[in-house]
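Here are my notes for anyone opening this structure for the first time. Have the viewer ready and go through the points in order.

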Amino acid sequence: GTSSNKIQFTSSKTIPVAGDWAGIEFQNTSSVGSVFNYCIVEYGGSGGNNANIFFKTGAYGINLTNVIARNSSGDGINLRYSSCQIRTSSVTQNGGYGITAGYTNYSIDSSTISNNTNGGILVTQYSASSITNCSVENNNIGIDIAFGASPTVQKNNIRYNNIGILNGTIQHTAFK
């Protein structure tokens, strides 16, 4: 897509609701030259993947740039074990986490993660991801760090969440 002509993946229903369709699943374990730029993915999250955008375990980390992932009944983006870069994107109003991943080293840069029910970003299972220059707002938990994860979190606006950063048992409510 382009900035003025985005590709839209959405429900076929007249009045769409979260969970109307399964979402997009990336499966291939090697690069096939895919580009995911200027796309809107909305109203997915039904089925076993429970996300608008889902990377199957071991799937090649296709970069997501200028993507809007919204109104999923589950997570906005679930990277599973795939490393990719998410840049200048918006992940909002999802029923689970905005972005979730484990055992992977991904980066989120210059993006907005807001108004997600469970939390903005869930970093799990020994991930050493990077979260930079993002706005993480109005989620239950802004950034949820669990199970031995050690992300680099810098130059973000983390505000208006019930819990700013949750790191195991340590809660930080005022981070900016």
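1. Start with Ser-82 and its surroundings. Leaving out neighbours within four places in sequence, Ser-82 is in contact with Phe-55, Lys-56, Gly-58, Ala-59, Tyr-60, Gly-61 and Thr-104. Keep in mind here, and for everything below, that this is a predicted model. Ser-82 sits in the loop between β6 (75-80) and β7 (85-87). Is Ser-82 buried or exposed? Ser-82 counts as buried, because its relative accessibility is 1%. Have a look at its side chain too: it reaches the backbone oxygen of Ala-59 at 2.5 Å, and Ala-59 is also one of the contacts just listed.

2. Now move to the largest nonpolar core, which has 32 residues. Which of them touch the most other members? Phe-36 and Ile-53 do. Several strands feed this core: β2 (24-26), β3 (36-42), β4 (51-55), β5 (64-70), β6, β9 (97-102), β12 and β15 (141-145) are the elements that give two or more residues to it. A separate core of five residues lies apart from it, and its members include Tyr-97, Leu-122, Ile-163 and Leu-166.

3. Phe-36 deserves a closer look. Setting aside residues up to four places away in sequence, Phe-36 touches Phe-9, Ile-24, Phe-26, Val-41, Ile-53, Ile-62, Asn-63, Leu-64, Thr-65 and Val-67. Notice that Ile-53, the other residue named for touching the most core members, is in that list.

4. Ile-77 is another one to click on. Ile-77 lies in strand β6 and, since its relative accessibility is 1%, counts as buried. Beyond the residues up to four places away in sequence, Ile-77 touches Ile-53, Leu-64, Ala-69, Ile-86, Val-91, Gly-98, Ile-99 and Thr-100. If you want a ruler across the model, try Ile-77 and Gln-154: their C-alpha atoms are separated by 21 Å, and the two are 77 residues apart along the chain.

5. On to charges. Side chains of opposite charge can pair when their charged atoms come close. How many salt bridges are there? The count comes to three. One of them joins Asp-20 to Lys-13, with the closest N and O atoms 3.7 Å apart.

6. Arg-70 and Glu-42 make another salt bridge, and here the closest N and O atoms are 2.7 Å apart. Arg-70 is in strand β5 and Glu-42 in strand β3, so this pair ties together parts that are 28 residues apart in sequence. As for their surroundings, Arg-70 is partly exposed at 25% relative accessibility, whereas Glu-42 is buried, with a relative accessible area of 5%.

7. Glu-137 forms a salt bridge with Arg-159, the closest N and O atoms being 2.4 Å apart. This pair also links distant parts of the chain: Glu-137 is in strand β14 (residues 135-137) and Arg-159 in strand β17 (residues 157-159), 22 residues apart. Glu-137 counts as buried, because its relative accessibility is 14%, while Arg-159 is partly exposed at 28%.

8. Check the backbone at two asparagines. Most residues other than glycine have a negative phi. Asn-66, in strand β5, has a positive phi of about 55°, and Asn-66 is buried with a relative accessible area of 17%. Asn-71 also has a positive phi, near 60°, but its place is the loop between β5 and β6. Why does Asn-71 count as buried? Its relative accessible area is 15%, and buried means under 20%. Not counting residues up to four places away in sequence, Asn-71 touches Ala-18, Gly-19, Tyr-43, Gly-44, Asn-52, Thr-92, Gln-93 and Asn-94.

9. Finish on the outside. Which residues form a nonpolar patch on the surface? They are Tyr-81, Tyr-103 and Tyr-126, which together have about 360 Å² of accessible area. Tyr-126 is found in the loop between β12 (119-124) and β13 (130-132), and with a relative accessible area of 55% Tyr-126 is exposed. Compare that with Ser-82 from the opening point, which is buried at 1%.

Notes. Residues numbered from 1 in each chain as written. Predicted model: local features only at pLDDT ≥ 70, side-chain atom pairs only at ≥ 80, totals over all residues. Heavy atoms only, no water. Patch = residues over 30% accessible without salt bridge, like charges linked within 9 Å, V, L, I, M, F, W, Y side chains within 5 Å. Areas by Shrake-Rupley, 256 points an atom, 1.4 Å probe, with all protein chains shown as cover. Salt bridge = Lys/Arg side-chain N within 4 Å of Asp/Glu carboxyl O. Helix = DSSP H or I, 4+ residues; strand = E, 2+ residues; numbered from the N terminus. Buried < 20%, exposed > 50% of the residue type's maximum accessible area, 1.4 Å probe, protein only. Polar contact = N/O pair within 3.5 Å; in protein donor to acceptor, adjacent residues only side chain to side chain. Contact = heavy atoms within 4.5 Å. Core = buried A, V, L, I, M, F, W, Y, C linked by side-chain atoms within 4.5 Å.
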